[in-house]
Amino acid sequence: MAKFLTIGYGDQAGYDRTDATVRREAHRQDAQLQAQGAVVGVAGQPVQVRNPEAADLRTNVGSFMRSDLPVAGFALIEAEDIDDAVAQVSTTPCAVAHGVVEVWPLEAPEGDVT
């Protein structure tokens with residue numbers, strides 16, 4: 001099975017205007033993904049890390065990514081392929097509550113010997 005990182009974007013306004021039944025089913029899907037071994041979490045406050053030439057460590061509180069909607073959460077899932085990954089997250093809270101979910105295939109780094 002391949003691994004995929006998913007990034008959910010959404011805001012409270014979109015969540016609130018989504019029918020409560022749809023929201024409950026979406027949360028059930030998150031719970032099902034977790035039961036299948038997915039790591040699912042709500043986004044906290046990020047910290048940017050820079051260390052040019054491994055000689056000047058700098059951090060900055062706040063996100064580097066910019067989007068129309070705030071990052072709401074992340075999941076690390078396993079799926080047969082990208083289509084399976086999309087199907088798995090297509091009924092999660094951000095996907096159904098007027099947000100969006102990005103699905104990123106995780107590929108081995110170059111030179112990885114594992």
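## Exercises on a predicted model

In strand 6, Y9 has V100 as its bridge partner. The structure is a predicted model, and the exercises below concern its strands, core, surface and salt bridges.

**Exercise 1.** Determine which strands pair with strand 1, and in which direction they run.

*Solution.*
- Step 1. Strand 1 covers residues 2-9 and strand 5 covers residues 71-79; 8 bridges join the two, and they run antiparallel. Within this pairing, L5 is matched with L76 of strand 5.
- Step 2. Strand 6, residues 100-105, is also antiparallel to strand 1, with 6 bridges between them. The pair of Y9 and V100 belongs to strand 6 as partner strand.

**Exercise 2.** Identify the residues of the largest nonpolar core and the element that supplies its largest share.

*Solution.*
- Step 1. The core has 9 residues in all: F4, L33, A38, A75, I77, A79, A85, V89 and V103.
- Step 2. At least two residues of this core come from each of strand 5 and helix 3 (82-89). The largest share, 3 residues, is that of strand 5.
- Step 3. For one core member, V89, the contacts beyond four places in sequence are T6, I77, A95, V101 and V103.
- Step 4. As background, nonpolar side chains in soluble globular proteins tend to be buried together.

**Exercise 3.** Establish whether V61 is buried or exposed, and name the surface patch to which V61 contributes.

*Solution.*
- Step 1. V61 is located in strand 4, residues 58-61.
- Step 2. The relative accessible area of V61 is 61%. The criterion for exposed is over 50%, so V61 is exposed.
- Step 3. Together with V47, V49 and L57, V61 makes a nonpolar surface patch of about 410 Å².

**Exercise 4.** List the salt bridges and state how far apart in sequence K3 and E78 lie.

*Solution.*
- Step 1. The count is 3 salt bridges.
- Step 2. K3 and E78 form one of them, with an N to O distance of 3.1 Å. Because K3 belongs to strand 1 and E78 to strand 5, this pair ties together parts that are 75 residues apart in sequence. K3 is partly exposed at 39% relative accessibility, and E78 is partly exposed at 40%.
- Step 3. E25 and R28 form a salt bridge whose closest N and O atoms are 2.3 Å apart. The two residues are 3 residues apart in helix 2 (residues 20-35), which means that about one helical turn separates them.
- Step 4. R58 and D56 form a salt bridge with closest N and O atoms 3.0 Å apart. R58 is partly exposed at 41%, as is D56 at 37%.

Methods
Residues are numbered from 1 along each chain as its sequence is written. This is a predicted model: local features need pLDDT of at least 70, side-chain atom pairs count only at pLDDT 80 or more; totals for chains, interfaces and linings use all residues. Side-chain values use heavy atoms; hydrogens and water are left out. Two strands pair if DSSP finds at least two bridges between them. Helices (H or I, at least four residues) and strands (E, at least two) are DSSP runs, numbered from the N terminus. A nonpolar core is a set of buried Ala, Val, Leu, Ile, Met, Phe, Trp, Tyr and Cys residues joined through side-chain atoms within 4.5 Å. Buried means under 20% relative accessible area, exposed over 50%, partly exposed in between (1.4 Å probe, protein chains only). Contact means heavy atoms within 4.5 Å. Patches are made of residues with over 30% relative accessible area and no salt bridge: like charges are joined within 9 Å, nonpolar side chains (Val, Leu, Ile, Met, Phe, Trp, Tyr) within 5 Å. Accessible areas come from the Shrake-Rupley method with a 1.4 Å probe; for residues, only the protein chains shown count as cover. A salt bridge is a side-chain nitrogen of Lys or Arg within 4 Å of a carboxyl oxygen of Asp or Glu.
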